[in-house]
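This briefing accompanies the sequence and three-dimensional structure shown below. It is arranged by topic for use at the bench.

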Amino acid sequence: MANRILVVDDAAFMRMMIRDILTKNGYEVVGEAQDGAQAVEKFKEFKPDLITMDITMPEMDGIAALKEIKKLDGNAKVIMCSAMGQQAMVIDAIQAGAKDFIVKPFQADRVIEAIKKTLG
């Protein structure tokens, strides 16, 4: 069975890019969210195997959403997506339980490498 992934980013273009990379590599994108609050709701709804989570979003940022999701499921696998220059936030995310991070603009091979490593 294909691994089920939830894609979270406030930019539709970024969600589309990640979805394309994932589907071309045999992963199933079960849902998308454009902010952290939506991400938490979609996580409850879809119970994905993995989440790609943007750090900077309106409403609820990726780190707050990560913490909420980890409260719901301590085993949730989350890969953070950050722009260059967000190192401090990436460290916060890793401390909050993120498994890995990928930097925008996305390199397809790096995205797949992070997902394979995280899903084991």
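Gln34 is found in the loop between β2 and α2, where helices (H or I, at least four residues) and strands (E, at least two) are DSSP runs numbered from the N terminus. The model is a predicted one, in which local features need pLDDT of at least 70, side-chain atom pairs count only at pLDDT 80 or more, and totals for chains, interfaces and linings use all residues. Residues are numbered from 1 along each chain as its sequence is written, and side-chain values use heavy atoms, with hydrogens and water left out.

**Gln34 and its surroundings**

- With a relative accessibility of 40%, Gln34 counts as partly exposed; buried means under 20% relative accessible area, exposed over 50%, and partly exposed in between (1.4 Å probe, protein chains only).
- Beyond its neighbours within four places in sequence, Gln34 is in contact with Asp9, Asp10, Arg15, Met57 and Pro58, contact being defined as heavy atoms within 4.5 Å.
- Gln34 and Asn75 are 41 residues apart along the chain, and 23 Å separates their C-alpha atoms.

**Annotated domain and the Asp54 site**

- An unreviewed UniProt entry assigns "domain: Response regulatory" to residues 4-119; UniProt positions are given in the numbering used here, feature names are shortened, and annotations may be inferred rather than shown by experiment.
- Across residues 4-119 the chain is 48% helix and 22% strand, and the end C-alpha atoms lie 11 Å apart.
- The unreviewed UniProt entry also places "modified residue: 4-aspartylphosphate" at Asp54.
- Asp54 belongs to strand β3 (residues 50-54) and counts as buried, at 3% relative accessibility.
- Leaving aside neighbours within four places in sequence, the contacts of Asp54 are Val8, Asp9, Asp10, Gly62, Met80, Cys81 and Lys104.

**Nonpolar cores**

- The largest nonpolar core has 21 residues, of which Val8, Ile51, Met53, Leu66, Ile69 and Met80 touch the most other members; such a core is a set of buried Ala, Val, Leu, Ile, Met, Phe, Trp, Tyr and Cys residues joined through side-chain atoms within 4.5 Å.
- At least two residues of this core come from each of β1 (4-8), α2 (36-46), β3, α3 (62-72), β4 (78-82) and α4 (87-95).
- Helix α3 provides the largest share of this core, four residues.
- Apart from this core lies another, of 17 residues, among them Val7, Met14, Ile18 and Ala114.
- Not counting residues up to four places away in sequence, Val8 touches Ala33, Asp35, Ala39, Ile51, Thr52, Met53, Asp54 and Met57.

**Strand β4**

- All five of the five residues of β4 are buried, so this strand is largely enclosed by the rest of the structure.
- Both faces of β4 are covered, with Val78, Met80 and Ser82 buried on one side and Ile79 and Cys81 buried on the other.
- Strands β3 and β4 run parallel and are joined by four bridges; two strands pair if DSSP finds at least two bridges between them.
- Met80 in β4 is the bridge partner of Met53.

**Helix α1**

- Helix α1 (residues 12-24) has 13 residues and reaches 18 Å from its first C-alpha to its last, close to the 18 Å expected at 1.5 Å a residue; the expected span is 1.5 Å times one less than the number of residues.
- Met14, Arg15, Ile18, Ile21 and Leu22 are the buried residues of α1.
- These buried residues cover an arc of only 130° around the axis, which puts them on the same side of α1; the arc is that of the directions from the helix axis to the C-beta atoms.
- On the other side of α1, Phe13 and Lys24 are exposed.
- The cover over the buried residues of α1 includes β1, β2 (28-33), β3, β4 and α5 (108-119).
- Asp20, also in α1, is partly exposed, with a relative accessible area of 33%.
- Asp20 and Ala108 are 88 residues apart in sequence and 9.3 Å apart in space, C-alpha to C-alpha.

**Backbone geometry**

- Most residues other than glycine have a negative phi, and most peptide bonds are trans.
- The peptide bond from Lys104 to Pro105 is cis, with omega near -5°, and Pro105 is found in the loop between β5 (100-103) and α5.
- Lys47, in the loop between α2 and β3, has a positive phi near 45° and counts as exposed at 54% relative accessibility.
- Glu59, in the loop between β3 and α3, has a positive phi of about 65° and counts as exposed at 74% relative accessibility.
- Gly26, just after α1, takes a positive phi of about 85°.
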